[in-house]
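Ready for some practice in reading a protein structure? Take your time with the view below, then work through the exercises one by one.

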Amino acid sequence: MSKVTLIDHPLIQHKLTLLRDKKTGAKDFRELVNEIAMLMGYEVTRDFQLENVEIETPICKATGKMLTGKKVAIVPILRAGLGMVDGMLKLIPAAKVGHIGLYRNEETLKPVEYYCKLPQDIAEREVIITEPMLATGGSSSDAITLLKKRGAKNIRLMCLVCSKQGLEVVTNEHPDVDIYTAAIDEKLNEHGYIVPGLGDAGDRLFGTK
Ligand code: URA
C-alpha cells in the first residue's frame with residue numbers, strides 16, 4: 001500500500017500560503033515552488049541508504065557516512081512539474097532529469113504521450129516524479145504507468161497540493177508508489193481545479209495567464 005507523507009513543516013506551510021495567494025506574481029511563484037521543493041526534498045529522500053567511509057579530518061582518522069543507494073532520476077510531468085526541478089537539483093545535483101509530456105484525448109479521455117525522454121538506466125534509478133498539483137490523479141497515474149513500461153521500478157511521487165480524490169486514484173492504481181505532498185485539499189471544482197488550491201500551476205509558473 002502506498003505511503004502518503006504530508007510534509008507540513010512551518011516553513012513549507014508559510015511558503016505554500018504565499019503560493020496560494022492570487023496576488024503572488026510569476027517570479028515569486030517560481031521561486032517559492034523551487035524553495036518548497038527543496039525543503040520537501042529532505043523528507044522525500046529520508047530513507048536513502050548510507051554507508052560508512054573512512055576519511056581523515058585535519059585532526060585524525062574518522063568514519064563518516066555517505067550516500068550509497070541507487071542513483072536518482074527526477075522526472076517532471078510537463079509542464080508544471082518543471083517548476084520543482086531546480087529545487088530538487090540543488091539537493092541532489094548528480095541526479096539525471098527525464099521528462100514526460102502527456103495530455104488527455106478529450107473524446108476518449110485516454111492519455112496521449114507527446115514527449116518522453118528518460119535516462120537510459122531508469123530501471124536502476126530511484127525515480128522522483130514532480131507534479132505540483134495532484135488533482136484528478138489521471139496524469140500522475142498515467143505518467144507512473146508510462147515510467148513502469150519503460151522499466152522504472154522504484155518510483156515516488158512528489159506534489160505540492162493534492163486532492164483527496166487524486167490521492168485515492170494514484171494509491172489505488174499504484175500501491176507501490178509512495179506520495180509526498182505539502183497539502184491535502186478538500187475537493188475539486190467542476191473544472192477539475194483543486195479547491196482551495198492555487199489555480200493553474202503551469203500558468204502561474206510561466207506567466208501564461
Ligand atoms: N492543475 C493545476 O494546475 N491546478 C489545479 O487546481 C488542478 C490541476
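The exercises below look at a predicted model and its pockets.

**Exercise 1.** Find which residues surround the ligand, and sort them by class.

*Solution.* Start with the shell: M133, A135, G192, Y193, I194, G199, D200 and A201 surround the ligand. Now sort them: five are nonpolar, two are polar and one is charged.

**Exercise 2.** Work out which residues offer backbone atoms to the ligand's oxygen and nitrogen atoms.

*Solution.* Take the oxygen atoms to begin with. A backbone N or O atom of I194 lies 2.8 Å from a ligand oxygen, and a polar backbone atom of A201 is 2.7 Å from an oxygen of the ligand. Next comes nitrogen: a ligand nitrogen is 2.7 Å from a polar backbone atom of G199. A polar contact is a pair of N or O atoms within 3.5 Å, so these pairs qualify.

**Exercise 3.** Describe the pocket whose space the ligand takes.

*Solution.* The ligand takes the space of the largest pocket, which holds about 750 Å³. Of its 27 lining residues, E131, M133, A135, S139 and D200 are closest to the centre. Then look at the elements: β6 (99–104), β9 (133–134), α4 (138–149) and α6 (201–206) each supply at least two lining residues. Among the contributors, α4 gives the most, with four.

**Exercise 4.** Now describe the second largest pocket.

*Solution.* Its space is about 430 Å³. There are 18 lining residues, and F48, L67, K70, V72 and I92 lie nearest the centre. By class, the lining has nine nonpolar, five polar and four charged residues.

Conventions. Residues are numbered from 1 along each chain as its sequence is written. This is a predicted model: local features need pLDDT of at least 70, side-chain atom pairs count only at pLDDT 80 or more; totals for chains, interfaces and linings use all residues. Side-chain values use heavy atoms; hydrogens and water are left out. A residue is near a molecule or strand if one of its heavy atoms lies within 4 Å of it. A polar contact is a pair of N or O atoms within 3.5 Å; within protein, one must be able to donate a hydrogen and the other to accept it, and residues adjacent in sequence count only if both atoms are side-chain atoms. On a 1 Å grid over the protein atoms alone, a cavity is a set of points where a 1.4 Å probe fits but cannot get out, and a pocket is an open set with protein on both sides within 12 Å along at least five of seven lines; lining residues have an atom within 4 Å of a point. A molecule sits in a cavity or pocket if more than half of its atoms lie within 2 Å of its grid points. Ala, Val, Leu, Ile, Met, Phe, Trp, Tyr, Cys and Pro count as nonpolar, Asp, Glu, Lys and Arg as charged, and the others, Gly among them, as polar. Grid points are joined across faces, edges and corners, and a volume is the space filled by probe spheres set on the points.
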